[in-house]
Amino acid sequence: MKKYYGNKNGARNFARKFYSSKSWRTKSSAYRMEHPLCERCLKHGIYTKSTCVHHKEHISRMNQYDWNILLGDDNLEALCDDCHAKVHAKYTSYEFDEDGTLIDNYDDGND
Ligand SMILES: [Zn+2]
Ligand SMILES: [Zn+2]
């Protein structure tokens, strides 16, 4: 039998705590200093101010203790609001926004 450590709620509480933690605040502001422009817009030659730092691999109950996922540059992406919403629209799993709120799957018809 598989053992899960925590549940959806546990991960959610973790994410909320994590996003308000000093390590995340320090990391995300440092990351945005390095990436002041939205990385996805930039790929299309558009200069948009980044407004948030997105986790490419979402924080879940499976990886919530993996600091490479949580704070590793490789898993982070500076995005603008529009790109962030689009990325999230594509996912089929649970994710948390930067305030630790669970984002339900939604389809806004983009892409
Ligand atoms: Zn963008
Ligand atoms: Zn995100």
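**Entry 1: Leu79**

I began with Leu79 and found it in strand E2, where a strand is a DSSP run of E with at least two residues, a helix is a run of H or I with at least four residues, and both are numbered from the N terminus. The model I am reading is a predicted one, in which local features need pLDDT of at least 70 and side-chain atom pairs count only at pLDDT 80 or more, while totals for chains, interfaces and linings use all residues. Side-chain values use heavy atoms, with hydrogens and water left out, residues are numbered from 1 along each chain as its sequence is written, and chains are lettered from A and ligands numbered from 1 in the order in which they are written.

Is Leu79 buried or exposed? I noted that Leu79 counts as buried because its relative accessibility is 0%, the rule being that buried means under 20% relative accessible area, exposed means over 50%, and partly exposed lies in between (1.4 Å probe, protein chains only). Setting aside neighbours within four places in sequence, I listed the contacts of Leu79 as Cys38, Arg40, Ser50, Thr51, Cys52, His54, His84 and Val87, with contact meaning heavy atoms within 4.5 Å. I also looked up the pair Leu79 and Thr48, whose C-alpha atoms are 8.5 Å apart in space although the residues are 31 apart in sequence.

**Entry 2: zinc ion, ligand 1**

Which residues coordinate the zinc ion (ligand 1)? I found Cys38, Cys41, Cys80 and Cys83, each through its SG atom, at 2.2 to 2.4 Å; donors are N, O and S atoms within 2.8 Å of the metal (3.2 Å for Na, K and Ca), and water is not among the atoms, so sites may look incomplete. The angles among the four donor atoms of this zinc ion run from 106 to 114°, and the site is tetrahedral, a label that four donors receive if all angles lie between 85 and 135 degrees. For reference I wrote down that the ideal angle for four tetrahedral donors is 109.5 degrees.

Along the sequence the donor residues of ligand 1 are spaced C-x2-C-x38-C-x2-C. I recorded Cys38 and Cys41 as both buried; for Cys41 the relative accessible area is 10%, and Cys83 is buried too, at 13%. Counting a disulfide as a pair of cysteine sulfur atoms within 2.5 Å, I arrived at zero disulfides.

**Entry 3: zinc ion, ligand 2**

The zinc ion (ligand 2) is coordinated by His54 through ND1, and by His84 and His88 through NE2, at 2.1 to 2.2 Å. Their spacing in sequence is H-x29-H-x3-H. How far apart are His84 and His88 in helix H5? They are separated by about one helical turn, because they lie four residues apart in that helix, which covers residues 81–90. Both His84 and His88 are buried.

In helix H5 I also looked up Asp82, which counts as exposed because its relative accessibility is 58%. The C-alpha atoms of Asp82 and Cys38 are separated by 9.7 Å, with their positions 44 residues apart along the chain.

**Entry 4: the loop between H4 and E2**

Asn75 lies in this loop, and Asp74 has its place there as well. Asn75 is buried, with a relative accessible area of 8%, whereas Asp74 counts as exposed at 72%. Not counting residues up to four places away in sequence, Asn75 touches His54, His55, Lys56, Glu57, Asn68 and Ile69. Asp74 and His55 are 19 residues apart in sequence, and their C-alpha atoms are 9.2 Å apart in space.

**Entry 5: cores and the whole chain**

The largest nonpolar core has 12 residues, including Phe14, Trp24, Tyr31, Val53 and Leu76; such a core is a set of buried Ala, Val, Leu, Ile, Met, Phe, Trp, Tyr and Cys residues joined through side-chain atoms within 4.5 Å. Two or more of its residues come from each of helix H1 (8–19), helix H2 (22–34), helix H4 (67–71) and strand E2 (76–79), and H1 gives the largest share, four residues. Another core, of seven residues, lies apart from it, and among its members are Cys38, Cys52, Cys80 and Val87.

For the protein overall I noted five helices and four strands, running α-α-α-β-α-β-α-β-β from the N terminus on. Of its 111 residues, 38% count as buried. Among contacts between residues at least 6 apart in sequence, 62% join residues at least 24 apart.

Definitions and conventions:
Tetrahedral: all angles 85-135°; square planar, octahedral: opposite > 155°, others 65-115°.
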